[in-house]
Amino acid sequence: MALLDVENLSVEFPSRRGTFVAVNGVTIAVQPGEILGVVGESGAGKSTIGNAVIGLLEPPGRIGAGQIRLDGQRIDDLDDDAKRRIRGRRVSMIFQDPQTSLDPLQTIESQLVETIRVHLGLDHRAAQARAVDLLRQVGIPEPELRVKLYPHQFSGGMRQRVVIALALCAEPEVVVADEPTTALDVSIQAQILTLLKRLCRDKRVGMIVITHDMGVIAEITDRVAVMYRGKVVEEGPTSKILGDPDHPYTRALIGAVPRPDLRLHRFPYVDYIEGIAEKPAAISLKDHWLGRSRDFQRRHDGPLLELRDLSIRFPLNTAWLERNRRYVDAVKGVSFAIREGETFGLVGESGSGKSTIARLITQLYRPSGGSVVFDGTDVTALKRDRDLNPFRRQIQMVFQDPYSSLNPRMRVLDIVAEPIRFHRLAGSRAEVNRIVRDLLDHVGLGAKAAEKYPHEFSGGQRQRIVIARALATRPRFLICDEPTSALDVSIQAQILNLLKDLQEELRLTMLFISHDLPVIRQMCDRVGVMRFGQLLEVAPTEELFVSPQHPYTQELLSLMPNFRGLTHRGLDVEDRATG
Amino acid sequence: MSFLSGFTDSDLWHSFIRTPTALVSALLTLILIAGALAAPLVAPHNPFDLASLDIMSAHLPPVWMKDGDPAFLLGTDDQGRDVLSAIFYGARISLLVGFASVLLAVLIGVTLGLVSGYLGGRADAAIMRVADVQLSFPAILIALLIDGVARGVLPREAQEHMAVYVLVFAIGISNWVQYARTVRGAAMVESRKEYVQAARIIGIGPVAILWRHILPNVLGPVLVIATINLALAIITEATLSFLGVGVPPTTPSLGTLIRIGNDYLFSGEWWISIFPGVVLVLLVLSVNLLGDWLRDALNPKLR
Amino acid sequence: MLTFILHRLLQSVLVILAVALIAFSLFRYVGDPVNAMTGQDTTLQQREELRERLGLNDPFLVQYGRFVADAAQAEFGISYRHRRPVRELLAERLPATLELSIVSMALALLLGIPMGVYTALKPKGILSRGFMSLSLVGVSLPTFLIGILLILLFGVVLRWLPTFGRGEVVHLSGWTTGLLTKSGLQSLILPAFTLALFQMTLIMRLVRSEMLEVLRTDFIKFCRARGLPSRLVHFRHALKNTLVPVITITGLQLGSIIAFAIITESVFQWPGMGLLFIQAITTVDIPVMAAYLCMVAFFFVVINLVVDLLYFAVDPRLRVRRAA
Amino acid sequence: MKIATVLLRSAAVIALAGAVFAGAAEAKTLRWSYQGDATTMDPYGLNETFTLGFQGNIYEPLVGYDAKLQPVPMLAEKWENPEPTKWVFHLRKGVTFHDGSPFTADDVIFSWKRTLTEGSDMKGYGAKAKEIRKIDDHTVEVITPTPNPILEREWSLFYIMSKTWSEMNNTTEATNVKGSNQGNHANRAANGTGPFVLTERQPDSKTVLKRFPNYWDKSIKTNVDEVVFTPVSQPATRVAALMSGELDVIQPVPVQDWERLEQTKGVKPLTGAEARAIFVSFDQVRDELKYSDVKGKNPFKDVRVRAAFVHAVNLEAINKQIMRGSAVPLGTLIAPEVNGFDKSFGAPYPYDPEKSKKLLAEAGYPNGFTVTMDCPNDRYVNDEKVCQAVAGMLAKVGVKIDLLAQTKGKYFGKVLAQAGYDTSFYMLGWTPSSIDSHNSLLNLAGCRNKETQSGLFNLGGYCNPKVDELTTKIGAETDQAKRNAMIKEAWEIVRADYGYMPLHAQPMSWGVREGVQVVQRADDVLDLRSAVVP
């Protein structure tokens, strides 16, 4: 008998469009001191399991069938108060986003003390002492002082530590961690994971880690349950699942994970997920509309894009007097060049200024120093729209969040047609429609998508729409700003495939921005590493990954999840990558 | 076509047909509006036509009371006006004032809100200062003052016919801030979204972006405020009438009717004020209920 | 922090000046004070002399300038109608209005917040629905009608409560209060309730919607996940987070209450500033009107300032941001 | 019922607020309310009927009015008019002011001088004397600039103040809204010879009077020890307060509420015709009306049009429906109570819409025309309603009226002399302060003339030299019979000219608690000397 037994659990959400079964006959178990990973893509129902265990299903969700047992005693059918007493005391939970998981108006101390006293019935002083002790355990320096602070006074990582302290403050037997590191930077991620691992071992806590990230799984879990559409398709020791998966979905999933250690030509096609059928037929640029995008004649034979000592600073406060204004340097003296047809990668953690550079190139921001030279022309010098528009046409961008990058009130047709109409790239209305349908078809959505509204599409499909829109100006230079970081891994694989294909077909020049080194490795010819708005080093991708020069780069590489155990079955590795 | 089907399929529609209060209030509102619009057709008399009034038939009680006159279902007021007809025509004016003033407020508020939200910087600062100054004055006072000015500057002959527009102007001006603030907030959020950046990258100008991209996305809250404010505007009109700066008594609105009727509350001629009062309350109440439902229905978090 | 306050004060001065300017541009249209100050037998010459004496024949900007100059020394001139310094008059009326406003605000808060919390916690409950619709009826009736109906019911029919005035007041060094006498309290009930009704509805609905928002946030979910009893979750965490916006609205509403008092006061013959103002309008008592308008503006500014300061008390995030 | 009694007592508590002297409990209190406050306590502050009427309980004139508005001795026991321009007043002996100081001729002279100071609104009264000579402590001789047969009437509201008191309190000049505001003291405090003493004054909210123990006239029949006066502007509130027993006397009561008061037990309405005549008139001066669709000419210059208007209005209907039969329809500009009134010209013009139509057609307006009517909405009894009714009736003969009803502040600001008589068609009411026709003739029917102040309130500018002639004579004629004959003649001319559209003498309408007796004087003044409470 395990510490926690979830047996044949089904959770259903009745709605006016019929009952939706989020979790369907799931059986998992956790032993003390064991970390069970629940992995799957969005909508697989993994979080719902967590909520069911802690007894906090979002209404109108309800447990349809099955049992949840803690030490053999059923907890899913208890009354609310009994459930409440178990929560935090015996079963606890860690949430994804430390920014929002803490009451902004209460000090850390009061939140800890309150929880401790509710469950352990200590007096106030004892509770305080324990609070400080807990903070020390989760590795917060100077806990005596920090305990008096408010959440907003902690950095993201520190906050997540506080959250963990809160989750553990009543010595629970089981902890459910729902995407505990997703909102954090790579470097922080690693620390938090090790912390969780340590606590779990020391306190003999049974832990369920819910995640979409194979890296996390590989890092800390002992056993894994792979979920797909509400079912557990495969369950077993981590090494086994990663190294030699039986279920095709698991294989597909693993195959889709970008490898830091080798470069693939294309990701294997995953037939398990919604979206597109086979790879769209390649187009011959001679007769295709997009082909006409080759019509710009090179003005000069230097790099296509060149950043010269580019800088931008944002004011922190709006003081009246110049001298009390404070600024932050988002980008400081960055220079690099991108040759026609190459894919240049920018990597760095959040706030390193990589996205700012993208916005500088696209003229969303005006630089406070330096210049952007495109095809021999200093774009930053241009002021009038009339002069800028030709360049705007040539430089397009794919954004990070496919949910906010499409206007929810516009039909896909209009979204994609807008640039065509604006730049008068098509003669007639009919032609516009034809082109749009063709584009949609080409990015693998099918022409009928044109009539629909964005909210009718999944994240991956939306990202395809975004790409279609970017292509609609027949650009020559495409900026991808974290194009896949909001997507599930299998979707990501497909989008990356699509981008690779497009680049080959259209000989696009690309600036590929990501915080995810493996992805960078899959996509880029050369890479620039950024931190605090500065460019630390630039090197050909393989060179960078094999022999990084800058210590920061080395640190980043060292933090990459190791996937040594991961199966290589069915991957088409680029020959030149083996090195 | 597809839009309609899209609408009948939308959650909004479904929550609508599943919310009795919403249905009832919508129905009520429609009936009242229809009645007001069709006043000349449905009303037995034309209370605005002085020549048709006979003072000798003033103060008649409703027909079901002793010495009530079948010609006047709900009785007559102090001028021999048929209360029923007066209500029809009065509702017309109240609604006119309500809708027009809300429309005005929305136009001003949304425009300024969009501008200051999207452009930010100086324009934003300036507009918001003005808003603060205005906020430092309650709508009712502002309406009073503006009404005063308008009456002052307008040529006197015009005043009779202008009275309604003066009211609309006064109430409208005194309510724009709320919209401006809401829209500003929403516009700020929207303009940071990536679809706006995409549009800018394409090269689309600010005006087009505001109009085509941002405006449609901020209309939700505006709609809610507008409904609530419609009710508020109607009340404000009534209150102004009470303070004596409403529409002229020869073409009374619901508010004016109530004010006139007030003088007869003690004299037992309750029908002069109570019937218009009831209609006013029904109207405002149903509009409020609608706005209420709309607010919850449009709030995704509450769904 | 300090600079912030100074900035705000500066702003408020501008506001008041603007208000005065607007006010003055209106006075030319509210009528001719001289008629209210003279009897029918007063000759034309005498009337003209009077106009001269009052400086009513000076150009508008001159009058405005004079007013500002005097107002700067808290000197608002002499009321045409009462023939007494406006300062005195306002000082006399201020307590009545403030008492009425504050009591009804308190009433609105005391009833509004609990109702709001309740309707948020039990959105589907019968009682909640009751509150919601009832509150709507409250806002759907014009204030003056409510007032008159209340008088009719409690004053004339039931004869439970006085129908007008402020009852017996106690004088305490320059302040008069009706809160210390039976009759004073009795007379306060009807007007205060009439005035509070609208605000109550507003606050209740605000609290409700804010509360519903907060209850959906992660940290509340985390509170539950830590097994905190609902009492703590709702009142310690949720309610406190709800209060921030409530403070703003309450502040603004206190202002509009003072203004709405105009109607309530004239219905209940409450001897406050609002009544003074209304009578000033009918008698074209320009100094009083100007002073009143500036006063109201001043109140709003002060209230806004207080509200902003309250934020710092409630929301630690601001404290830091300001400090930075 | 028990609750009711308890609360009645608590109401009494309200009323007794401020009562300080011993035995307050048994004191007979009169709780009295009017729609506005007495603007000032300074007897020369504002020449307005209610204010002066209120002060009349504290201060006293040389000669006052009785219930019938006939002159009665007050501070003057006897008076004669030996020569046309000379009057002699024999002052009452043994009269003391509230502060105990004796009343003498010096006080009369001081008061007369004070009415002429800058802030005074009673200059007109002062101007009626060229000089006042002190014969002895209790006799004064008044020299009038012109022969004046009715000085005693005209001075009925000229109250006597105490010289010593005024000097002591530095209020020797009338309250003034400008400058040092001398006399502000008299504005808030009072020291007269009247039967009541001002003990508490909160403008607009409460004024308390106490009985003056050593008042000279022991024969007055009031038994009131204390008067609590609270103005209540909203009619509904005022009536409610009476019915709920919080007040003993209220004025005015909206005429439509009489029935209710009669039905309610414990209260009753008290009504009578007031000396105020309400009328409508036309701009007969301008060559083109300011507010009309008739351009290039002024239809009102044509007597037929004026006649048409007059005959189109059904005074009986207005009286019945709007004034609830309480008004006295008139054919002239003075109420029956006013000296010189006579049925021969006072009866209403016949109501004859057909004739109106005919006249309009003859005058060249078969389809009538449009004109804007100026009307106050808070000055006279049901003023706005009456205007509406008039408009409605004119509409029936084809005349379209745009009604511009405003608060008195705006209304008077527009139509009066200072604004250049900015109206084409207006409603006005008039009470001759002397309750004598001469005042009305001079102000309303006289040709406008800035110098002689004639026709100051003749807003329509009706002008007939014959009337002016007579008015001047009347002003000087001391033989009452001759005088009244001339008055009759003058009014008959005005009537024949259709110079005005008289409406009615408006009703006084008070409400009193059962058992409270007050005399309702035709000038709408409540004289507390006659007030008796149960």
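Biologist: How many helices and strands are there in chain A?
Modeller: Chain A has 19 helices and 22 strands. Those are DSSP runs numbered from the N terminus, with helices being H or I of at least four residues and strands being E of at least two. Bear in mind that this is a predicted model, where local features need pLDDT of at least 70, side-chain atom pairs count only at pLDDT 80 or more, and totals for chains, interfaces and linings use all residues. Residues are numbered from 1 along each chain as its sequence is written, while chains are lettered from A and ligands numbered from 1 in the order in which they are written.

Biologist: OK. What radius of gyration does chain A have?
Modeller: 26 Å, which agrees with the value near 25 Å for a compact globule of 579 residues. The radius is taken over C-alpha atoms, and the globule rule is 2.2 Å times the number of residues to the power 0.38. Along the principal axes, the C-alpha atoms of chain A fill a box of roughly 75 × 60 × 50 Å.

Biologist: And how much of chain A is buried?
Modeller: 48% of its 579 residues. Buried means 20 or more other C-beta atoms within 10 Å of the residue's own, with C-beta atoms placed from the backbone.

Biologist: Switching to sheets: in what order do strands 12, 13, 15 and 16 of chain A sit?
Modeller: The order is 13-12-15-16, in an open sheet with antiparallel pairing. Two strands pair if DSSP finds at least two bridges between them. Strand 13 (327-338) and strand 16 (377-378) are the edges, each pairing on one side only.

Biologist: How many bridges join strands 12 and 15 of chain A?
Modeller: Five, between residues 305-315 and residues 369-374. One bridge partner pair there is Arg308(A) and Ser371(A).

Biologist: Which helix lies across strand 12, strand 13 and strand 15 of chain A?
Modeller: Helix 11 (residues 354-361), running at about 70 degrees to strand 13 of chain A. Axes are lines fitted to C-alpha atoms, for helices over the stretch in contact, and angles run from 0 to 180 degrees between N-to-C directions.

Biologist: New topic. How many residues do chains D and C put into their contact?
Modeller: Chain D gives 53 and chain C gives 52. Contact means C-beta atoms, placed from the backbone, within 7 Å.

Biologist: Which helix of chain D gives the most to that side?
Modeller: Helix 1 of chain D, with seven residues.

Conventions. Two residues are in contact if their C-beta atoms, placed from the backbone, lie within 7 Å. A residue is buried if 20 or more other C-beta atoms lie within 10 Å of its own, exposed if 12 or fewer, and partly exposed in between; C-beta atoms are placed from the backbone.
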